[in-house]
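The following exercises practise the reading of a helical protein model. Each task is followed by a solution in steps.

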Amino acid sequence: MEEEIDQGQPLREDKDETWRRSDEEQPDTDRKMGCCEKFQQSVSKWMLPEGLRSTYLERANCCPPPIFIILISIAELAVFIYYAVWKPKKYWVTLDESLWSSPLTYKPGSRHEAWRFVSYMFVHSGVEHIVGNLVMQLLLGIPLELVHKGFEVGMVYMAGVIAGSLASSIFDPLSALVGASGGVYALIGGYFMNAVVNFREMIPLLGVFRIVTIVFIVCADFGFAFYRRFAATDEGYHVSFVAHFGGIVAGMSIGYVFFSAYSQKLLKDPRFWICIVGFVIFIIFAVLFNVFFFPAL
């Protein structure tokens, strides 16, 4: 009898110890969330359908931080300040000759300088132009990069920039091009497609608000771009609006694939290869068009 009691006692201690450890390992559900956790939770509601939010919150961290969208915004702001402060004429409010003569601006007569098809994104035509682009790309880019990281956001952004300039060179070949609207619209297009496709899995009121807000911003910006292209009476080059179309198409295709593939491998997604092949075909066609059908003026 004594042996049975002696043998059972350690078992009870082990059992108690196991219960004690399991209680210690259980998360404290009463603990208040910090500011970072609240922000990550808000990001998950804005960017992901309900089934993926818990997975994101388990992995969520700020390492690495949204470095791409921050660095590209700083670079664009630095170029704007350079032309506004060190080469001042009327550039704070409108275009001027120093902007047109910039080696970064895309001009139809300088299309043989291939870097201009990308570098135009650093040059903006005034305060309202740079502020609008920076606000939009930071508001969308930071949450997107927290979820999808810098590579995906960077690829979508640059695809929009390239698609914007190439589309402009084909469909509006006599107009110049400045601003990062191609990249911004690529982010908007990718985010919009995700909002529409995942609408039923999102908070209904939040989904309606996101879609309505995007449509309103796009319509307002397109209206201003149309005015600047066709109604403005400024002398010199006209600024093309076609980059907006090129950017948003890139976002609604490539951006949608990248941003809908959370926690999935892109290389195994057939949509990824369809979009990549389509984008490469478009680039080849645009390059051949610029070289053979509409040579530099």
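**Exercise 1.** Determine how many of the 19 residues of helix 10 are buried, and state what follows for its surroundings.

*Solution.* The term is defined first: a residue is buried under 20% relative accessible area, exposed over 50%, and partly exposed in between, with a 1.4 Å probe and protein chains only. Helices (H or I, at least four residues) and strands (E, at least two) are DSSP runs, numbered from the N terminus. In helix 10, 15 of the 19 residues are buried, so the rest of the structure largely encloses this helix. The model is predicted: local features need pLDDT of at least 70, side-chain atom pairs count only at pLDDT 80 or more, and totals for chains, interfaces and linings use all residues. Residues are numbered from 1 along each chain as its sequence is written, and side-chain values use heavy atoms, with hydrogens and water left out.

**Exercise 2.** Describe the protein as a whole: how many helices and strands does its secondary structure comprise?

*Solution.* The count comes to 11 helices and zero strands. Read from the N terminus on, the order of elements is α-α-α-α-α-α-α-α-α-α-α. Of the 297 residues in the protein, 45% are buried.

**Exercise 3.** Compare the span of helix 10 and the span of helix 7 with their expected values.

*Solution.* The expected span of a helix is 1.5 Å times one less than its number of residues. Helix 10, with 19 residues, reaches 26 Å from its first C-alpha to its last, close to the expected 27 Å. For helix 7, a straight helix of 45 residues would span 66 Å, yet its end C-alpha atoms are only 27 Å apart.

The next step is to look for bends, where a bend at a residue is the angle between axes fitted to the seven residues ending there and the seven starting there. Helix 10 bends by about 35 degrees at I254. Helix 7 bends by about 120 degrees at K149.

**Exercise 4.** Characterise the packing of helix 10 against helix 7 and against helix 8.

*Solution.* Two packed helices are described by the angle between their axes and the distance between the axes. Axes are lines fitted to C-alpha atoms, for helices over the stretch in contact, and angles run from 0 to 180 degrees between N-to-C directions.

1. The axes of helix 7 (residues 127-171) and helix 10 (residues 242-260) come within 7 Å and cross at roughly 145 degrees. The contact of helix 7 with helix 10 involves 15 nonpolar, seven polar and one charged residue. Here Ala, Val, Leu, Ile, Met, Phe, Trp, Tyr, Cys and Pro count as nonpolar, Asp, Glu, Lys and Arg as charged, and the others, Gly among them, as polar.
2. Helix 8 (residues 181-197) packs against helix 10 at an angle of about 50 degrees, with the axes 6 Å apart. Helix 8 is therefore oblique to helix 10; angles under 35 degrees count as roughly parallel, over 145 as roughly antiparallel, 65 to 115 as roughly perpendicular and the rest as oblique.

**Exercise 5.** Is I72 buried or exposed, and which helix holds this residue?

*Solution.* I72 lies in helix 4. Its relative accessibility is 10%, so I72 counts as buried. The C-alpha atoms of I72 and G154 are 9.4 Å apart, although 82 residues separate them along the chain.

The steps can be repeated for other residues. I67, in helix 4 (residues 67-86), has 44% relative accessibility and is therefore partly exposed. A167 belongs to helix 7 and, at 7% relative accessibility, counts as buried. K107 is placed in the loop between helix 5 (97-100) and helix 6 (116-119), and its relative accessible area of 14% makes K107 buried.
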